[in-house]
Amino acid sequence: MKKSLISLMMLLIASFSYADDNMPSLTVGAAAPDFSASDTLGVEHRLNDYRGSYVVVDFWASWCPDCRRDIPAMKALYEQFRDYGVQFVGISFDTDREVWAQTYWGKYQMHWTQVSELKKFRKNTVIDKLYKIDWIPSMYLVDPEGKIVMGTVEINKLKEKLERSEEHTSELQ
């Protein structure tokens, strides 16, 4: 019994430290790296296009079970904060345009901007290196001046930060 309890405690500690080890690591207050990627129609989007607004940058992929699990919560955040001028940009690490489009539009109806390099994550992609992404889903909140407000792998932490900012509505407009 004692051995089982110790094993359970070790497992819990490991799981909490695992999430922390995979946190995006850009420094709060640092300039968010500009990036360029295309949507499914081939239209190029850059982070700098969103200057003047808060931006949620969501790194995900259709093949990622944790990402798919978080989509309903991300959709709820989009619905809750889009009227405050918060912009959302999804960056997919899918390599197949059709699968990517079918997932974000066909299956989940993710109505915010979605872009992809359509290259293999952590092998050929550039944006993951700019943002030091080792785990997905990962999210960053960028302020209107283009500075990092937070980075997280936990959508609930993003929600808490946005809700705290919502109390000070002027911060989001």
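Start with the lining of the largest cavity: its residues split into seven nonpolar, no polar and two charged. Keep in mind as you click around that this is a predicted model.

**Stop 1: the largest cavity**

Select Asp58, Trp60, Cys67, Asp70, Ile71, Met74, Met110, Pro137 and Met139, and you have the full lining of that cavity. The space inside comes to about 50 Å³. Now colour by secondary structure. β3 (55-60) and α2 (65-81) each contribute at least two of the lining residues, and α2 is the top contributor with four.

**Stop 2: the second cavity**

The structure holds two cavities of 30 Å³ or more, so let's visit the other one. To see its walls, select Leu47, Asn48, Tyr50, Arg51, Ser53, Val55, Val142, Asp143, Pro144 and Gly146. The volume here is about 40 Å³. Check the chemistry of this lining too: five residues are nonpolar, three polar and two charged.

**Stop 3: strand β6**

Next, select residues 138-142, which make up strand β6. Buried or exposed, what are the residues of this strand? Five of the five are buried, so the strand is largely enclosed by the rest of the structure. Show the side chains and look along the strand. In a regular strand, side chains alternate between the two faces of the sheet. Here Ser138, Tyr140 and Val142 point one way, while Met139 and Leu141 point the other way. One residue from each group has already come up on this tour: Met139 lines the largest cavity, and Val142 lines the second largest.

**Stop 4: the neighbours of β6**

Keep β6 on screen and add β3. The two strands pair in the antiparallel sense, over five bridges. For a specific spot, zoom in on Val56, whose bridge partner in β6 is Leu141.

Then add β7, residues 148-152, which runs antiparallel to β6 and is joined to it by four bridges. Which residue of β7 is the bridge partner of Leu141? That's Met150. So Leu141 is a handy residue to centre on, because β6, the strand it sits in, is largely enclosed, and Leu141 has bridge partners in β3 and in β7.

Follow the chain from β6 into β7 and you trace a hairpin with five residues between the strands. Pause in the turn at Gly146, where phi is positive, at about 90°. Gly146 is also one of the residues lining the second largest cavity.

**Stop 5: aromatic rings**

Switch to Phe, Tyr and Trp side chains. The structure holds twelve aromatic pairs. Pick out Tyr78 and Trp112: their ring centres are 5.1 Å apart and their planes meet at 45°, so this pair counts as tilted. Tyr78 belongs to helix α2, whereas Trp112 is in the loop between α3 (97-107) and β5 (113-116), so the pair ties together parts that are 34 residues apart in sequence. Both residues are buried.

For a bigger selection, take Phe35, Phe59, Trp63, Phe93, Phe121, Tyr131 and Tyr140, which form one aromatic cluster. Tyr140 should look familiar, as it is among the buried residues of β6.

**Stop 6: Ser116**

Finish at Ser116, in strand β5. With 5% relative accessibility, it counts as buried. What does its side chain reach? Turn on the backbone atoms and measure across to Leu118: the side chain of Ser116 reaches the backbone nitrogen of that residue at 2.9 Å.

Technical notes:
Residues are numbered from 1 along each chain as its sequence is written. This is a predicted model: local features need pLDDT of at least 70, side-chain atom pairs count only at pLDDT 80 or more; totals for chains, interfaces and linings use all residues. Side-chain values use heavy atoms; hydrogens and water are left out. On a 1 Å grid over the protein atoms alone, a cavity is a set of points where a 1.4 Å probe fits but cannot get out, and a pocket is an open set with protein on both sides within 12 Å along at least five of seven lines; lining residues have an atom within 4 Å of a point. Grid points are joined across faces, edges and corners, and a volume is the space filled by probe spheres set on the points. Ala, Val, Leu, Ile, Met, Phe, Trp, Tyr, Cys and Pro count as nonpolar, Asp, Glu, Lys and Arg as charged, and the others, Gly among them, as polar. Buried means under 20% relative accessible area, exposed over 50%, partly exposed in between (1.4 Å probe, protein chains only). Two strands pair if DSSP finds at least two bridges between them. Rings of Phe, Tyr and Trp (its six-membered ring) pair if their centres lie within 6.5 Å; planes under 30 degrees apart count as stacked, over 60 as edge-to-face and the rest as tilted. A polar contact is a pair of N or O atoms within 3.5 Å; within protein, one must be able to donate a hydrogen and the other to accept it, and residues adjacent in sequence count only if both atoms are side-chain atoms.
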